[in-house]
Amino acid sequence: MSGTAPTTAAEYWDKYRPRVQERPAAARFDWTGLDDGGPGAELLRSPATVLDLGPAEGENAAYLAGHGCDVTAVDFSAVQVERARRFWSHLPDLTFVHDEVCSYLDGCPREFDAIYSSWGAVWFTDPDELFPRVVRRLAPAGTFAFSHREPVTGRYGAQRMGGKWLEGRESELSVHRWQYSAEQWTGILERHGFTAVHARVHPSPEPGAAGTLIVTAQTPPC
């Protein structure tokens, strides 16, 4: 498929970062994609069971599994799931699942102590479709956390992505990402029943570059 343009969103993500063929270090939990001293796994509040939405190479999931968590990681791309399974086959408490996240949450009978997404599926899924499903699969007082690039001021909601494979092909394939300000995310999460919402921008160490918007929330206790 490497020489042909994708025709579905799943095929687009199959092509995402194809050059990554060596296992990442997974030495820390990373919300920003930068070596910038940002927050780590402590935002998840020491969960025993965790669900990763859109793990890509799976290093965050692997970090958690290596530190005592039972982790399930769900990705839309069959190629990325196969690669992640190959990278982390030595970790018994880490399971990679090939599925679309809303479909997975609909069929999943489990509850998780924490559900998270680092520049992953939360960024690329309509929150009005995703968040009610996340609430149902989180344990009481569970943690929901996600991050994405700081949005451009005024460019909120569903935004069509550009870049390789997408430019000039809107009639064949469009991939969207949902991005909001910290204040807007807070309102959306509270509307869907989350409490203790904390949304903020972690600045980039590079002057003038966009930072990372990091959001944490909880489900109500019993």
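Modeller: Buried means under 20% relative accessible area, exposed means over 50%, and partly exposed is in between, using a 1.4 Å probe and protein chains only. What you're looking at is a predicted model, where local features need pLDDT of at least 70, side-chain atom pairs count only at pLDDT 80 or more, and totals for chains, interfaces and linings use all residues. Residues are numbered from 1 along each chain as its sequence is written, and side-chain values use heavy atoms, with hydrogens and water left out.

Colleague: Okay, let's try that out. Is Ser147 buried or exposed?

Modeller: Find Ser147 in strand β5; helices (H or I, at least four residues) and strands (E, at least two) are DSSP runs, numbered from the N terminus. The relative accessible area of Ser147 is 2%. The cut-off for being buried is under 20%, so Ser147 is buried.

Colleague: Which residues does Ser147 touch, not counting those up to four places away in sequence?

Modeller: Touching here is contact, meaning heavy atoms within 4.5 Å. With residues up to four places away in sequence left out, Ser147 touches Trp31, Ser117, Ser118, Trp119, Gly120, Thr212, Leu213 and Ile214.

Colleague: And how many Å apart in space are Ser147 and Ala182?

Modeller: In sequence, Ser147 and Ala182 are 35 residues apart. In space, going C-alpha to C-alpha, they are apart by 11 Å.

Colleague: Let's do the sheet. In what order do the seven strands come?

Modeller: Strands of a sheet pair through backbone hydrogen bonds, either parallel or antiparallel. Two strands count as paired if DSSP finds at least two bridges between them. Here the sheet is open and the pairing is mixed, and the order is β3-β2-β1-β4-β5-β9-β8.

Colleague: Why is one side of β3 and of β8 left without a neighbour in the sheet?

Modeller: Look at where they stand: β3 and β8 (195-202) are at the edges. One side of each has no neighbour because each has a single partner strand.

Colleague: Who's next to β3, then? How many bridges pair β2 and β3?

Modeller: Strand β2 covers residues 70-75 and strand β3 covers residues 94-98. One bridge pairs Thr72 with Thr95 in β3. The two strands pair in the parallel sense, and the number of bridges is five.

Colleague: At the other edge, how many bridges join β8 to β9?

Modeller: Strand β9 is residues 212-218, and β8 and β9 run antiparallel. Thr195 has Gln218 in β9 as its bridge partner. The number of bridges joining the two strands is six.

Colleague: Which handedness does the β-α-β unit of β2, helix α3 and β3 have?

Modeller: Point the strands away from you and follow the path from the first strand over the helix to the second: if it runs clockwise, the crossover is right-handed. Helix α3 spans residues 78-87, and the unit it makes with β2 and β3 is right-handed.

Colleague: What angle does α5 make with β5?

Modeller: Axes are lines fitted to C-alpha atoms, for helices over the stretch in contact, and angles run from 0 to 180 degrees between N-to-C directions. Helix α5 (residues 127-137) lies across β1 (49-53), β4 (112-118) and β5 (138-149). Its angle to β5 is about 140°.

Colleague: Switching to cysteines: how many disulfides are there in the whole structure?

Modeller: A disulfide is a pair of cysteine sulfur atoms within 2.5 Å. Cys102 is in none, as the nearest cysteine sulfur, that of Cys108, is 13 Å away. Cys102 is buried at 8% relative accessibility, and Cys108 is buried at 6%. The search of the whole structure finds a total of zero.

Colleague: Now charges. Which residue forms a salt bridge with Asp70?

Modeller: A salt bridge is a side-chain nitrogen of Lys or Arg within 4 Å of a carboxyl oxygen of Asp or Glu, and the structure holds eight. For Asp70, the closest N and O atoms of the pair are 3.8 Å apart. Asp70 is partly exposed at 31%, and its partner is Arg110.

Colleague: Last one: how many residues apart in sequence are the parts that Arg191 and Asp128 tie together?

Modeller: Their closest N and O atoms are 3.2 Å apart. Arg191 is exposed at 54%, while Asp128 is partly exposed at 39%. Arg191 lies in helix α6 (residues 182-191) and Asp128 in helix α5, so the gap in sequence is 63 residues.
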